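This report goes through the charged pairs and the cysteines of one protein model. Please look at the sequence and the structure before reading on.

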Amino acid sequence: MEKNSKKIAFVTRDGEKINGDFGSTKMFMVYELENGEVVNTDLRKVYENGSMDEPLPMTGKENGMIMLNVMDKSLERHKKLARAVSDCDLVVSRAMCGTAWKSIQEYEMDPILTKCKTFGDATSQIVDGSIINYKEKMH
């Protein structure tokens with residue numbers, strides 16, 4: 001039997017729920033699903049100033065940490081954030097701008113703007129196909 005797998009990156013400020021804007025996120029909670037069941041989670045933190053005490057910039061697959069210089073322009077920042085979760089299929093947020101939306105799509109992921117507040121609720125709706133993508137919330 002072939003496995004149906006999917007990775008979902010949730011925008012989060014606290015690691016506990018879906019909150020914040022894609023462009024100012026502090027973390028991504030990544031859920032890995034197989035046949036509709038969560039089989040792995042990965043909290044990926046965003047480091048703003050690239051302190052040498054912190055790990056070097058990596059894509060999401062390597063060690064789950066992203067380095068950003070606060071001087072990065074919006075587009076560059078969005079592209080770095082999208083690249084950090086580019087191993088995912090979906091990026092779920094409660095808010096994002098058009099530049100972020102396009103950056104996510106450039107990495108062949110689908111952006112979703114949701115009203116769900118919890119990872120579990122959004123995951124259930126993604127699995128059963130009932131999630132609503134509120135594109136009109138894009139700013």
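## Cysteines

Cys-88 has a relative accessibility of 4%, so this residue counts as buried. The model described here is a predicted one. Cys-116 is also buried, and its relative accessible area is 9%. Both values fall under the 20% cut-off for a buried residue.

A disulfide is a covalent bond that links the sulfur atoms of two cysteines. To be counted, the two sulfur atoms must lie within 2.5 Å. By this rule, the number of disulfides in the model is 0.

## Salt bridges in the whole structure

Side chains that carry opposite charges can pair when their charged atoms come close. In the whole structure, a search finds 5 salt bridges.

One of them pairs Asp-14 with Lys-17, and the closest N and O atoms are 2.6 Å apart. Asp-14 counts as partly exposed because its relative accessibility is 30%. Lys-17, at 37% relative accessibility, counts as partly exposed too.

## Arg-44 and Asp-42

A salt bridge also forms between Arg-44 and Asp-42, with 2.8 Å between the closest N and O atoms. Is Arg-44 buried or exposed? With a relative accessibility of 3%, Arg-44 counts as buried. Its partner Asp-42 has a relative accessible area of 26% and is partly exposed.

## A link between two helices

Glu-106 forms a salt bridge with Lys-79, where the closest N and O atoms are 3.2 Å apart. Which parts of the chain does this pair tie together? Glu-106 belongs to helix α2 (residues 98-106) and Lys-79 to helix α1 (residues 74-84), so the salt bridge connects parts that are 27 residues apart in sequence. Lys-79 is partly exposed, as its relative accessible area is 30%.

Salt bridges with shared partners also make one network out of Lys-7, Asp-42, Arg-44 and Asp-87. Asp-42 and Arg-44, the pair described above, are among its members.

## Glu-76 in helix α1

Helix α1 also contains Glu-76. This residue has a relative accessible area of 41%, so Glu-76 is partly exposed. Along the chain, Glu-76 and Ser-103 are 27 residues apart. In space, their C-alpha atoms are separated by 9.1 Å.

Note on methods: Residues numbered from 1 in each chain as written. Predicted model: local features only at pLDDT ≥ 70, side-chain atom pairs only at ≥ 80, totals over all residues. Heavy atoms only, no water. Salt bridge = Lys/Arg side-chain N within 4 Å of Asp/Glu carboxyl O. Buried < 20%, exposed > 50% of the residue type's maximum accessible area, 1.4 Å probe, protein only. Helix = DSSP H or I, 4+ residues; strand = E, 2+ residues; numbered from the N terminus.
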